[in-house]
Amino acid sequence: MSIDKTSETPKDAPAVANSEAAAAAVTAVDPRLLVREQGLAGYVGEFKRKMRAGELGSLPVIVGLIAICVIFQSLNSAFLSAQNLSNITITMVGTGMISVGIVFVLLLGEIDLSVGSVSGAASALAAVSAVNQGWPEWAAVLVAVAAGAVIGAAHGFFFAVLGAPAFAVTLAGLLFWLGFMLQVLGANGTINLNSDGLIGQLTTYFFSDVAAAYGLAAVVVAVFFATSFLGSRRREAAGIPSRPLSETALRTALLAVVAFAAAYMYNQYKGLPLATVIFLAFLVFTDFVLRRTAYGRKVFALGGNVEASRRAGINVTAIRISVFAISGFFAAVGGLFLASKIASANQSAGTGDLLMNAIAAAVIGGTSLFGGRGRTWNALLGVMVIVSIQYGLQLESIAEPVKYMITAGVLLTTVVIDSITRKTQKTAGRA
Amino acid sequence: MSATPVLALRGVSKRFGAVQALTDVELEVHAGEVVALVGDNGAGKSTLVKTIAGVHPIDEGAIEWEGKPVQINKPNDAQNLGIATVYQDLALCDNIDVVGNLFLGREIKRRGILDEVEMERRARELLTTLSIRIPSVRIPIASLSGGQRQTVAIARSMLGEPQLVILDEPTAALGVEQTAQVLDLIERLRERGHAVILISHNMADVKAVADKVAVLRLGRNNGVFEVKTTSQEEIISAITGATENAVTRRAARTNGEVSK
Ligand SMILES: Nc1ncnc2c1ncn2[C@@H]1O[C@H](COP(=O)(O)OP(=O)(O)O)[C@@H](O)[C@H]1O
Ligand SMILES: [Mg+2]
């Protein structure tokens with residue numbers, strides 16, 4: 001309602017103040033203005049300022065990824081082969097999807113420990129529906145993801161309405177849904193999926209036509225450039241600072257290099273994997289929701305200051321429940337991809353290091369554990385790191401225990417970086 | 001000045017566990033009037049503000065808006081009536097930029113998507129006309145100084161043409177120049193027919209802009225004074241609860257006149 005009020009009376013509020021004095025004050029350039037507003041040189045300057053202020057963003061993880069590639073490639077030249085990279089990007093989708101949900105929860109400054117079990121429960125539900133009940137697979141998929149969302153919403157209810165700590169509620173969820181999954185799977189403990197079915201194909205289907213991967217890369221680059229360019233034009237037309245064309249061009253060029261290199265790599269092997277396309281679609285969509293919609297703005301607001309959000313009229317309870325529902329949904333989606341990879345739903349689904357990897361991926365990618373800072377793309381970067389390490393160690397035939405210890409080291413490093421970042425930001429006055 | 005107050009509190013009480021923060025408080029604010037709310041620390045000023053703003057619903061009593069009884073149970077209720085509040089603790093989100101904070105909870109949308117361009121344009125326009133100078137409207141609130149945050153919080157209350165603006169110690173963190181600007185702003189609000197409730201510890205500020213002074217003491221009303229005809233000492237003795245009798249009153253009054 002108040003939105004309408006503001007839009008009807010755009011000229012009113014400003015008239016409140018003394019405009020002549022203001023106009024005089026503004027004509028002189030404020031020396032404290034951030035260099036950001038002065039073109040490409042300003043952009044470089046702002047980058048330096050961000051580094052000094054401890055706003056590292058995704059920089060550490062990108063450096064880390066490059067280091068991983070260099071190290072494992074020097075140990076074994078099969079690491080950067082098209083086959084290995086293609087396998088890595090398909091394997092990572094299951095954990096990555098779960099991690100996308102974790103990013104949402106972390107943005108609130110909360111945690112969801114149930115996602116591993118929920119992913120297992122969802123895959124069990126899908127398998128029982130499709131195989132034991134003989135339902136069509138699309139229906140089984142719908143049942144599984146809907147169940148995931150409902151389970152997450154239930155966790156959210158206990159947290160948001162009844163006020164129980166999310167940590168404890170989802171810990172109970174971890175146990176409960178693990179038990180539920182074992183119950184659903186019944187005596188055999190394993191239900192094999194039809195590997196040619198919808199779920200099976202999630203991780204085995206490739207768009208083998210060379211044009212598919214290049215086409216997608218071209219579309220992505222074109223859409224990115226068009227939206228950035230038109231956005232800048234609109235800002236210019238409105239008389240507010242906009243990104244210089246040179247910067248838009250540079251960003252587009254960087255994206256093009258990455259996109260076409262990936263497309264080339266996929267085409268060297270079996271083509272563009274369906275799993276990758278679905279993962280990217282979810283990432284683009286969730287990033288859009290978080291950064292371009294009022295809903296996303298509310299999620300960030302809650303992560304920054306719950307009381308301020310409440311006073312701004314945000315329905316805190318509803319947002320909290322919805323975020324846990326999103327987490328449950330992505331846990332279920334991830335569970336389907338993990339089941340697809342092994343073509344079955346079994347008793348070990350959702351257990352082991354899955355939960356920790358999903359959380360670690362979000363944090364390694366640059367999402368803050370303290371709430372209010374992060375993007376869903378962080379899940380992609382983080383899970384890439386984790387799965388690359390796993391594959392690299394596997395090529396070296398290094399055993400499971402060492403894998404765990406190395407992943408733990410990576411996680412600890414990133415958490416330390418996150419904490420130091422926060423400290424630096426505090427001293428730089430930006431906590 | 002209209003006869004019906006824009007906002008009237010009738011016998012409002014509010015309790016927090018064992019603390020009786022407000023007891024039987026009465027308050028009236030008319031359009032085009034600035035009412036200063038004063039009182040010692042812990043007198044219940046901020047609590048009163050929060051009951052009006054819908055942060056803490058009242059336990060007893062009634063709230064009247066333009067003569068009609070209303071329920072204010074949540075912040076949205078107050079916003080929808082046309083009440084804008086600048087809280088003492090500011091209530092800004094540190095991780096969100098200036099534009100995002102200004103429009104938090106009432107974002108401008110274009111086809112369902114946040115219209116960042118329009119929000120930024122209006123934010124700049126608003127800040128310019130309020131002579132508010134901050135390094136950039138696109139940096140997180142966390143990187144602003146205390147005074148700058150205060151001005152952002154005030155600017156936020158000016159969006160959307162509120163009928164009643166409540167300012168809880170708005171000048172406490174400000175320098176001389178910015179304080180003067182806020183006081184100018186309050187006068188301009190009054191000229192435009194808005195009602196204003198101003199909380200301040202600074203008697204000079206109160207005398208400069210307020211029409212009436214309502215004193216709270218230990219959660220109760222302790223007098224409402226016309227600023228023009230009341231000395232600073234009288235107000236201060238009402239705040240501190242100095243014994244009220246004719247002699248002290250007279251003394252206070254003569255002193256007040258001497259010091260002028
Ligand atoms: N949320 C709360 N919970 C419990 N007690 C509170 C709360 N808010 C205020 N109080 C108490 O109410 C009284 C009035 O506080 P407040 O309204 O902040 O005073 P003022 O703003 O006049 O300095 C104080 O005794 C304070 O401790
Ligand atoms: Mg107070």
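How much space lies in the second largest pocket? About 700 Å³ is the figure computed for this predicted model, and the views below start from there.

**View 1. The second largest pocket, in chain A.** Welcome to the first close-up, where the second largest pocket offers about 700 Å³ of space. Its lining counts 29 residues. If you would like to find the centre on your screen, look for A:T95, A:L338, A:D353, A:L354 and A:Q390, the lining residues that lie nearest to it. The elements of chain A that each give two or more residues to this lining are α6 (82-107), α7 (115-132), α16 (316-342), α17 (354-364), α18 (377-395) and α19 (400-427). Of these, α18(A) supplies the largest share, with 6 residues. By class, the lining of this pocket has 15 polar, 10 nonpolar and 4 charged residues.

**View 2. The largest cavity, with lining elements from chains A and B.** Cavities come next: the structure holds 4 of them with a volume of 30 Å³ or more. The largest has a volume of about 360 Å³. Two elements of chain A, α1 (2-8) and α15 (306-311), each give two or more residues to its lining, as do α2 (75-81), β6 (83-86) and α5 (146-158) of chain B. In total, 26 residues line the largest cavity. Handy landmarks here are B:Q79, B:I83, B:A84, B:T85 and B:R106, which lie nearest the centre of this cavity.

**View 3. A second look at the largest cavity, by strand, class and domain.** Which element gives the most to the lining of the largest cavity? It is β6(B), with 4 residues. Sorted by class, the lining of the largest cavity comprises 15 nonpolar, 7 polar and 4 charged residues. Within chain B, both domain 1 (7-82 + 162-259) and domain 2 (93-161) contribute at least three residues each to this lining.

**View 4. Ligand 1 and its polar contacts in chain B.** Let us move on to the ligand and the backbone atoms beside it. A backbone N or O atom of B:G42 lies 2.7 Å from an oxygen atom of ligand 1, and a polar backbone atom of B:G44 is 3.0 Å from a ligand oxygen. B:S46 takes part through its side chain, with a polar atom 2.7 Å from an oxygen atom of ligand 1. Of the 570 Å² of accessible area that ligand 1 has on its own, the protein covers 61%.

**View 5. The shell of residues around ligand 1.** Stepping back a little, you can pick out the residues around ligand 1, among them B:F16, B:V19, B:A21, B:D40, B:K45 and B:T47. Two elements of chain B, β2 (19-29) and α1 (45-53), each give two or more residues to this shell. The top contributor is α1(B), with 3 residues. The shell around ligand 1 divides into 5 polar, 4 nonpolar and 2 charged residues.

Definitions and conventions:
Residues are numbered from 1 along each chain as its sequence is written. Chains are lettered from A and ligands numbered from 1 in the order in which they are written. This is a predicted model: local features need pLDDT of at least 70, side-chain atom pairs count only at pLDDT 80 or more; totals for chains, interfaces and linings use all residues. Side-chain values use heavy atoms; hydrogens and water are left out. On a 1 Å grid over the protein atoms alone, a cavity is a set of points where a 1.4 Å probe fits but cannot get out, and a pocket is an open set with protein on both sides within 12 Å along at least five of seven lines; lining residues have an atom within 4 Å of a point. Grid points are joined across faces, edges and corners, and a volume is the space filled by probe spheres set on the points. Ala, Val, Leu, Ile, Met, Phe, Trp, Tyr, Cys and Pro count as nonpolar, Asp, Glu, Lys and Arg as charged, and the others, Gly among them, as polar. Domain bounds come from an automatic or database domain assignment. A residue is near a molecule or strand if one of its heavy atoms lies within 4 Å of it. A polar contact is a pair of N or O atoms within 3.5 Å; within protein, one must be able to donate a hydrogen and the other to accept it, and residues adjacent in sequence count only if both atoms are side-chain atoms. Accessible areas come from the Shrake-Rupley method with a 1.4 Å probe; for residues, only the protein chains shown count as cover.
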